[in-house]
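Me: I'm new to this one and would like a close look at a single part of it. Please pick one spot, start there, and show me how it fits in with the rest.

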Amino acid sequence: METCAEDEVQVKLLGGSTSPFVLRVRIALALKGIDYDFIQENLQSKSELLQKSNPVHKKIPVLIDNGKPVCESMNIVQYIEEAWDNKAPNLIPKDPYERAIARFWAAFIDDKLGPCIRGVFRGVGDEKQKQVEESVANFLVLEEALRTNPCFSGKLYFGGDEIGFVDIALGGWLAFVKALEKGTDSVLIDAEKMPLLSAWMDRFCEADGVKEVMPDPVKLVEFICATRVKFASLAAAN
């Protein structure tokens with residue numbers, strides 16, 4: 001639990017260890033130095049607390065701050081920044097233009113890249129290969145952004161010298177992507193074709209506040225492989 005100067009605030013996070021979206025929130029909380037209770041949800045038998053806290057989607061993650069639930073991963077990250085804006089680092093740019101750019105690329109990650117990664121996770125055969133190719137194409141767009149966008153070019157992170165909004169949006173996927181590459185024998189982030197993105201990935205994963213909350217890679221590969229077997233069985237049955 002986090003103790004603030006003004007009052008006692010109880011912070012809870014409803015989530016799961018394999019979810020990229022939950023990882024985003026855990027990274028943001030860790031970077032801000034906010035203590036919290038991590039409540040692991042069984043999505044096959046969703047708790048009453050989860051259904052009450054997110055009655056619309058009944059999905060993780062849900063951040064509960066002093067009894068008030070906040071849903072959707074990047075919405076939660078923004079809430080964390082605004083609720084604890086007195087704590088470094090700044091997760092969202094103060095400059096309006098840079099903030100708009102950060103939100104644009106976070107939306108690109110959610111709207112374009114995320115569905116392709118999920119497609120690789122769920123896909124088999126030609127469909128999986130198609131999703132691999134689309135994922136690579138989207139990662140190449142991010143590589144180009146790191147190379148040419150004046151907000152990102154020449155900087156350690158998308159957020160500049162410190163991890164920021166776009167870093168968290170993309171960084172939440174990294175453990176899953178690495179495990180997915182092993183579990184599907186695919187290459188999604190090619191160090192030769194994407195040197196800037198690959199270097200950013202290594203830097204991000206080793207950053208203080210990030211490496212401490214990254215999921216166990218072996219268990220994540222096992223989860224991906226086991227789940228893909230289920231997907232393949234369902235596809236064969238249909």
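## Starting from one loop

Reply: Let's start at D185, which sits in the loop between α6 and α7 (195-205). Bear in mind that this is a predicted model. D185 has a phi near 55°, a positive value in a residue that isn't glycine. Most residues other than glycine have a negative phi. D185 counts as exposed because its relative accessibility is 74%, and the cut-off for exposed is over 50%.

Now step back into helix α6, residues 165-184. Helix α6 gives twelve residues to the largest nonpolar core, the largest share of it. That core has 75 residues, and the ones with the most contacts inside it are I80, F139 and W200. In soluble globular proteins, nonpolar side chains tend to be buried together.

Let's follow I80 from there. Setting aside its neighbours within four places in sequence, I80 touches V25, A28, L29, K32, I34, L63 and L91. One of those, L63, belongs to strand β5 (residues 62-65). L63 is buried, since its relative accessible area is 0%. Again leaving out neighbours within four places, its contacts include V11, L13, L29, I76, Y79 and I80. Y79 is 16 residues away from L63 along the chain, yet their C-alpha atoms are separated by 9.4 Å.

What lies on either side of strand β5? P61 is in the loop between α2 (48-53) and β5, and the peptide bond leading to P61 from I60 is cis, with omega near 0°. On the other side, N66 lies in the loop between β5 and β6 (68-71). Like D185, N66 has a positive phi near 55° without being glycine. N66 counts as partly exposed, though, because its relative accessibility is 47%. There's another cis bond between A88 and P89, with omega about 0°, and P89 is in the loop between α3 (73-83) and α4 (96-122). Most peptide bonds are trans.

Finally, here's the whole chain around these pieces. Its secondary structure comes to eight helices and six strands, running in the order β-β-β-α-β-α-β-β-α-α-α-α-α-α. The radius of gyration is 18 Å, which agrees with the value near 18 Å for a compact globule of 238 residues. Buried residues make up 48% of the chain. Among contacts with a separation of 6 or more, 69% join residues 24 or more positions apart.

Conventions. Residues numbered from 1 in each chain as written. Predicted model: local features only at pLDDT ≥ 70, side-chain atom pairs only at ≥ 80, totals over all residues. Heavy atoms only, no water. Helix = DSSP H or I, 4+ residues; strand = E, 2+ residues; numbered from the N terminus. Rg over C-alpha atoms; globule rule 2.2 N^0.38 Å. Buried < 20%, exposed > 50% of the residue type's maximum accessible area, 1.4 Å probe, protein only. Contact = heavy atoms within 4.5 Å. Core = buried A, V, L, I, M, F, W, Y, C linked by side-chain atoms within 4.5 Å.
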